[in-house]
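Thanks for coming. I will take a few minutes to walk through one chain, starting with its sheet and ending with a single residue.

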Amino acid sequence: MSRSVIVCVAAVALFANPLRADVDSGPKAGEKVAALKAFGVVGPVEGKEVDLAADRKDAPTVYLFVQGEHWARPVARFVKTLDGKLKEAGDDAAAVAVWLGDKKADEHKEYLPRAQKSLEFDKTALAVFDGDKSGPAGWNVNADAHLTAVVVNKGKVVKAFAFVSVNETDVKAVLDELKKAAGK
C-alpha cells in the first residue's frame with residue numbers, strides 16, 4: 001500500500017466523527033401533535049399518567065425525549081440552559097422532558113425527583129414513558145438520538161432536533177425556533 005493511500009485512510013478516520021452523525025428523530029414540521037401519555041414525576045402533573053401534550057394544549061412547548069442511558073452532564077446542561085431561557089419565548093413557554101428506556105421506568109421515576117432537587121428546573125416538567133426507547137406512538141423518536149427536542153406551538157410541530165452528542169451550546173437553535181413560533 002502506498003504512503004499516500006495510508007495518509008488518506010488515516011485522514012478519513014481522523015475527521016469522520018461518528019458521535020455527531022446525523023439522525024432523524026421526531027415528528028415532521030407541520031404535523032399535528034400526537035398524544036403523549038407518560039407518567040408525570042416533577043411539574044404541574046405529578047404522580048399519575050396523563051397526556052402531556054393535551055395538558056400543554058396550544059402553548060409553546062419543547063418536548064425533550066431523553067434516552068435514559070445517555071443522561072449525563074452534557075444533556076443535563078442542555079436541559080438546564082434551555083429551562084433558564086424559556087421565558088424569552090413567553091410566559092407560557094415551557095419544556096416537558098420525557099425519559100425513555102426499555103423497562104427502566106421505575107428507576108427513572110425514583111431518580112427524577114433527585115435530579116430536580118439538584119438542577120432546580122423552573123419551567124421544565126419531568127416525566128417517564130413506560131415503553132420502549134422509540135417513545136410514544138406518533139412521536140417517531142429514534143433510539144440512536146441521545147436527545148430529541150421537538151418544538152411545538154398551537155398544537156403543531158414546528159421543528160424536531162435530533163442530537164447524538166449535545167451540550168448547552170445547542171440550546172440556541174432550539175430556543176430560536178421556539179421564539180420564532182411564539183412570535184417573540
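Before the sheet, one term: two strands count as paired if DSSP finds at least two bridges between them. With that in mind, look at Val-42, which stands opposite Leu-126 in strand 5. Strand 5 covers residues 124–128, and three bridges join this strand to strand 1 in the antiparallel sense. Please remember that what you see is a predicted model.

Now the whole chain. It has five helices and seven strands, and along the sequence they follow the pattern α-β-β-α-β-α-β-α-β-β-β-α. There are 184 residues, and 44% of them are buried. Among contacts with a separation of 6 or more, 74% are between residues 24 or more positions apart. The exposed area of the chain is about 9,800 Å², with 52% of it supplied by carbon and sulfur atoms.

In what order do the seven strands lie in the sheet? The order is 2-1-5-4-3-6-7, in an open sheet with mixed pairing. Strand 2 and strand 7, the latter at 156–163, are the edge strands, and each pairs on one side only. From one strand to the next, the twist averages 30°.

Elsewhere in the sheet, strand 3, residues 61–67, runs antiparallel to strand 6, residues 147–153, and six bridges join the two. One residue of that pairing is Val-66, whose bridge partner in strand 6 is Leu-147.

Back to the edge at strand 2. Strand 1, residues 37–42, pairs with strand 2 over three bridges, again antiparallel. Here Phe-39 stands opposite Glu-49 of strand 2. The two strands make a hairpin with six residues between them, and Gly-43 in this hairpin takes a positive phi near 125°.

The last stop is Val-50, in strand 2, which spans residues 49–51. Is Val-50 buried or exposed? Its relative accessible area is 17%, and the cut-off for buried is under 20%, so Val-50 counts as buried. Which residues does Val-50 touch, leaving out those up to four places away in sequence? They are Leu-36, Lys-37, Ala-38 and Val-45. Another residue to find on the screen is Ala-127: from Val-50 it is 77 residues away in sequence, and the C-alpha to C-alpha distance is 9.8 Å.

As a general point for viewing any sheet, side chains in a regular strand alternate between the two faces.

That is the end of the walk-through.

Notes
Residues numbered from 1 in each chain as written. Predicted model: local features only at pLDDT ≥ 70, side-chain atom pairs only at ≥ 80, totals over all residues. Heavy atoms only, no water. Helix = DSSP H or I, 4+ residues; strand = E, 2+ residues; numbered from the N terminus. Buried < 20%, exposed > 50% of the residue type's maximum accessible area, 1.4 Å probe, protein only. Contact = heavy atoms within 4.5 Å. Areas by Shrake-Rupley, 256 points an atom, 1.4 Å probe, with all protein chains shown as cover. Axes fitted to C-alpha atoms, helices over the stretch in contact; angles between N-to-C directions.
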